[in-house]
Amino acid sequence: MTVALAHGAGAPMDSPFMSAVAEGLAAAGDGRWRVARFEFPYMAARRRDGRRRPPDRQPRLLDTWHAAIAALGAERLVIGGKSMGGRMASLVADESGVRGLLCLSYPFHPPGRPERLRTAHLAELATETLVVQGTRDPFGGEAEVPGYALSPHIRVHWIADGDHDLAPRKKSGRDRDTAWREATAAAAGFLAGLATAG
């Protein structure tokens with residue numbers, strides 16, 4: 001099985017968060033699955049010339065996902081990613097026929113704008129999905145998300161006191177690396193369950 005992870009606007013391919021999760025999943029799979037990471041075109045261009053750019057428009061982001069799925073093969077593929085990367089994956093998951101969806105810090109709404117929900121398609125999502133979310137994520141925390149109309153195929157794993165990078169505050173008594181290991185373990189358990197299910 002292959003896990004394809006797209007990087008969000010604030011999490012480039014070599015960010016500590018994405019590197020920790022990808023490396024942790026590859027290790028947890030113990031040869032049973034591989035992890036493929038990619039950047040959207042605007043991020044790849046930023047890497048080449050160092051100029052900051054706004055995200056590509058949604059059609060181009062979705063086309064990038066379709067190309068990645070075609071290259072990797074949907075049948076034994078789990079797609080997802082951090083923030084916007086996971087959100088775009090959630091928009092193509094059902095139509096692509098992938099095995100599962102893994103969203104790290106899903107952007108349920110823009111920070112400070114809880115009325116601008118990005119959840120309409122999540123109510124009918126048929127792809128088995130795990131969302132790993134910080135309880136105090138400004139894009140949708142534990143006080144809000146349980147009230148959303150989400151498909152029964154979506155399970156949310158909460159990282160205590162985690163922000164949008166799943167990092168807790170020092171006063172919580174937890175540290176970032178512990179939280180990231182918990183997130184990776186939850187994701188690995190999800191992948192193992194999909195593999196067992198066939």
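These legends describe close-up views of a predicted model.

**Figure 1. The whole protein chain, with five helices and six strands.**
Start with the order of the elements. From the N terminus on, they run β-α-β-α-α-β-α-β-β-β-α. The radius of gyration is 16 Å, close to the 16 Å that the globule rule gives for 198 residues, so the protein chain is as compact as a globular protein of that length. Its C-alpha trace spans about 45 × 45 × 30 Å along the principal axes. Of the 198 residues, 49% count as buried. The accessible surface comes to about 9100 Å². Carbon and sulfur atoms hold 52% of that surface. Contacts also link distant parts of the sequence. Among contacts with a separation of 6 or more, 67% are between residues 24 or more positions apart.

**Figure 2. Strand 5, residues 129–134, is mostly covered.**
Six of the six residues in strand 5 are buried. They point two ways. T129, V131 and Q133 point one way from the strand. L130, V132 and G134 point the other way. Residues of both groups are buried, so each stays under 20% relative accessible area.

**Figure 3. Strand 5 pairs with strand 4 and with strand 6.**
Strand 4 covers residues 100–104. Four bridges join strand 4 to strand 5, and the two run parallel. One pair to look for is L102 and its bridge partner in strand 5, L130. Now turn to strand 6, residues 154–159. Strand 5 and strand 6 also pair in the parallel sense, over six bridges. Here the bridge partner of Q133 is W158, in strand 6. L130 and Q133 point opposite ways from strand 5.

**Figure 4. T127 lies in the loop between strand 4 and strand 5.**
Is T127 buried or exposed? T127 counts as buried, because its relative accessibility is 6%, under the 20% limit. Its side chain has a polar partner. A polar contact of 2.5 Å joins the side chains of T127 and D94. What else does T127 touch, beyond residues up to four places away in sequence? The full set is A93, D94, V98, R99, G100, L101 and H153. D94 thus appears both as the polar partner and in this set of contacts. A93 and D94 fall within helix 4, residues 84–96. G100 and L101 fall within strand 4, residues 100–104.

**Figure 5. R116 sits in the loop between strand 4 and strand 5.**
R116 is partly exposed, with a relative accessible area of 46%. Which residues does R116 contact, leaving aside neighbours within four places in sequence? They are F108, H109 and P110. T127 is placed in the loop between strand 4 and strand 5 as well, but T127 counts as buried.

**Figure 6. A89 is a buried residue of helix 4.**
Helix 4 covers residues 84–96. The relative accessible area of A89 is 0%, so A89 is buried. Leaving aside neighbours within four places in sequence, A89 is in contact with W65, I79, G80 and L101. L101 belongs to strand 4, residues 100–104. L101 is also in contact with T127. For a sense of scale, find G29. A89 and G29 are 60 residues apart in sequence. Their C-alpha atoms are 21 Å apart in space.

**Figure 7. D49, R51 and R53 form one salt-bridge network.**
How many salt bridges does a search of the whole structure find? The search finds nine. Two of them involve D49 in this view. R51 forms a salt bridge with D49, and their closest N and O atoms are 3.8 Å apart. The side chains of D49 and R53 meet at 2.6 Å, N to O. D49 is the partner that R51 and R53 share. D49 is partly exposed, with a relative accessible area of 39%. R53 is partly exposed too, at 22% relative accessibility.

**Figure 8. D161 and R169 meet in a salt bridge.**
The N to O distance between their side chains is 2.4 Å. How do the two partners stand for cover? D161 is buried, with a relative accessible area of 13%. R169 counts as partly exposed, at 37% relative accessibility.

Note on methods: Residues numbered from 1 in each chain as written. Predicted model: local features only at pLDDT ≥ 70, side-chain atom pairs only at ≥ 80, totals over all residues. Heavy atoms only, no water. Salt bridge = Lys/Arg side-chain N within 4 Å of Asp/Glu carboxyl O. Buried < 20%, exposed > 50% of the residue type's maximum accessible area, 1.4 Å probe, protein only. Pairing = 2+ DSSP bridges. Contact = heavy atoms within 4.5 Å. Polar contact = N/O pair within 3.5 Å; in protein donor to acceptor, adjacent residues only side chain to side chain. Rg over C-alpha atoms; globule rule 2.2 N^0.38 Å. Areas by Shrake-Rupley, 256 points an atom, 1.4 Å probe, with all protein chains shown as cover.
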